[in-house]
Structure formats: C-alpha cells, structure tokens
Amino acid sequence: MTSPQTPAVLELRGVTKTYRVKQGLFGTSRPLTAVNDVSLSLPRGEVLGLVGESGCGKSTLAKILLGLEAPTSGQVLVDGEEIRAQDRMTLARRIQPIFQDPYSSLNPRKSIFDIVSLPLRVHGIGDRNHWDAEVRKILDIVGLPARVMNTFPSQMSGGQRQRVAIARALIMKPEIVICDEPTSALDVSVQSQVLNLMSDLREELGLTYLFISHDLTVVQHMADVIGVLYLGRLVEEAPRDRLFNEPKHPYTQMLFDAAPRMDAFGREIDPPKGEIPDAINPPPGCAFHPRCPLATDRCRTENPEMRNIGTTRVACHHAQ
Ligand code: ADP
Ligand code: MG
C-alpha cells in the first residue's frame, strides 16, 4: 500500500526463509519453508497488521525484519537500503521489538531501572543522571509510577511487565516497532489496556508498527492495513475495513468464520474444520486447497500469483 506521499520505511521483496529440520533421531534433514516469497511494504507512520494461524511464519518474519535471522533469498530494505548493509547498532536504534511473553523477555535478576535503561547503556548514550531522567520519562509515558524503577519483574503483574517491555523498546526513540503477539500472554481485560496504550503511543511518538497476532480482532483494533499469512505465504493484503467488509481469499473468510459466532438462538456455531498442513510437506499448487471450499484442479497444481483487485492484493485463482 505504498503511495508517493508515504514512502515505505520497511520493505520486503520476495523474502523466503528455509530452515533445515531433522525428522526423527536418525532422520535426514529436510527443508522447511517458514516464509515463502513474501513481499510487503510498511509506510511511515502506519500500522501493518499480520495475521495467521500458529506456524504460518509470523515470528520468522518478525525476526527477519529485526535482523535476527537472515532471509534465504529476497531483500529486506529499511528506507530503501538493504538491511544487511546496515550497521547492527544503528539498526537497533531504529527498529525495536516487543515480544509476546513479558515473563521470559525480562531478566528476573535485573531491576526495572536496569531493564529499561539497558538500551541506552548498551549504546553508550549519556550518563547515570541521563539514564535516570530518561527512564522516569518513559515510565511515565507507559503509565507506570517512577517508584517501580527499584522493583523486579517478579513483583509486577503481566500487564505491568508488558508496559516495562514497551518502555524498554521505546527508550531508544525507534522509528519502527515490531510487535510479535504483544498481548497474547495477557488477560483479556489487560490486553485492551495495553493495546490502547500502544495506539496512543503511535500517535504521540509518530511510530510505525508491524503488528503481529493470530487474533483477527486484535489486529483489527490496531492496523491500518492487514496482511493474511498462510503456510508462509502472504495470501491477502488490504486496507483494514476493506479486508473486513470484503475478504477476497477463502482463507481470510475462514478466519472470520472461526471467530466465535452465535446463531439466531444464541448457540455457538462450530468453527470450520480442517487441519493446517505440515510445513515440511506443503500441498502442491495452492497450499490452501485441501481446506478450500472453492478448490478446483487448477488449485491443486498451480500456485496462484498475487494480483490486485482494487486496493486488495490476493493470491487465489477464484477471487473476484
Ligand atoms: P508463527 O509465529 O506464525 O507461529 P513461526 O515463524 O514461529 O510461526 O514458524 C513457522 C514455521 O517455521 C513453523 O513450521 C516452525 O516449526 C518453523 N520454524 C520456526 N523457527 C524454526 C527454526 N529455528 N528451525 C526450524 N524450523 C523453524
Ligand atoms: Mg509466533
């Protein structure tokens, strides 16, 4: 969704990531394509949501964008420049992560002050007084009192810990924040508080987010544009409201149907059946065809190319 007014700050061009995995104790190693030929662009100041079931490659994409994993092929560009060519430290200043689990992502032996100030100390920015002032400032921004500086993660709730993780990500004043299921480990009531905080911060600080979740309702809350992943491939991308009002890909429609629904009598309707195929042995043709109500012979043999239908990009032979 790049327009001339908003150049992409982050762009993926045909990115593929293949791992080698061993099957069984003495098994030979086989390729597993976690991310398959994905092209995406993230305009400055926007929120791109990525949604898909477990194992579809969301976290692998996040790691590639953070420079934590190298793509097997394809390009990752930051402001039009290849990520590989960029200095690690500079990149870390510009792109910061917020991960799912606020329990394991915060070092339990460090105080909140140590955790939040770490990026400044690693990058050798300022002195103790500066760190102190910056930590107070950012804690205030994420809605935590300054006194938590001297406490430890174990003394905090899940929601408070995720605020600490957000503070740590933001203290470097990054341009881009990669959020991988940032609220999935939290109680539903706390989830919305953290999501609202993240929306507010985006406005206040002019952040660009890549927002990853398996939960369509969470992505709907946050994203301007939504990409749907299936078995490592981007199958549909569209502006949020368009995706919700006019989902084009049968998989996107299935995701909507899988959200809890009730019939006219208040009984819950069963979600559609069908299993996610094995990423090591993906189905030929369109990977979704075994679960697809529209599948024809063409779908079983020929992988659909991404094409534009209005403002939607979709990879399906039957989408109209
Ligand atoms: P998601 O975050 O959407 O659940 P992941 O990106 O974690 O998906 O995983 C995508 C696929 O890649 C899965 O089949 C997973 O088992 C596989 N995978 C992820 N990381 C590795 C790795 N380091 N080595 C081998 N396979 C991996
Ligand atoms: Mg994941």
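This short talk covers the sheet in this structure and then the surroundings of ligand 1. Keep in mind that the model is predicted.

I'll start with the sheet. It is open and has 8 strands, in the order 6-7-8-3-9-10-12-11, with mixed pairing. At the edges are strand 6, residues 95–98, and strand 11, residues 307–309, and each of these pairs on one side only. On average, neighbouring strands of this sheet are turned by 20 degrees against each other, direction ignored. In general, strands of a sheet pair through backbone hydrogen bonds, either parallel or antiparallel. Here is one parallel pair: strand 3, residues 47–51, is joined to strand 9, residues 225–230, by 4 bridges. Within that pair, Leu48 stands opposite Val225 of strand 9.

A helix lies across part of the sheet. Helix 5, residues 158–170, lies across strand 6 and strand 7, the latter being residues 176–180. Helix 5 runs at about 175 degrees to strand 6.

Now the ligand. Which residues are closest to ligand 1? They are Gly55, Gly57, Lys58, Ser59 and Thr60, out of 13 residues that surround it. Three contacts involve oxygen atoms of the ligand. A polar backbone atom of Gly55 is 2.7 Å from an oxygen atom of ligand 1. From the side chains, a polar atom of Ser59 lies 2.9 Å from a ligand oxygen, and one of Thr60 lies 2.6 Å from a ligand oxygen. On its own, ligand 1 has 560 Å² of accessible area, and the protein covers 67% of that.

Strand 1 (8–22), strand 2 (29–43) and helix 1 (58–65) each give two or more residues to the shell. Helix 1 gives the largest share, 3 residues. By type, the shell has 6 nonpolar, 5 polar and 2 charged residues.

Technical notes. Residues numbered from 1 in each chain as written. Chains lettered and ligands numbered in written order. Predicted model: local features only at pLDDT ≥ 70, side-chain atom pairs only at ≥ 80, totals over all residues. Heavy atoms only, no water. Pairing = 2+ DSSP bridges. Axes fitted to C-alpha atoms, helices over the stretch in contact; angles between N-to-C directions. Contact = heavy atoms within 4.5 Å. Near = heavy atom within 4 Å. Polar contact = N/O pair within 3.5 Å; in protein donor to acceptor, adjacent residues only side chain to side chain. Areas by Shrake-Rupley, 256 points an atom, 1.4 Å probe, with all protein chains shown as cover. Nonpolar A, V, L, I, M, F, W, Y, C, P; charged D, E, K, R; others polar.
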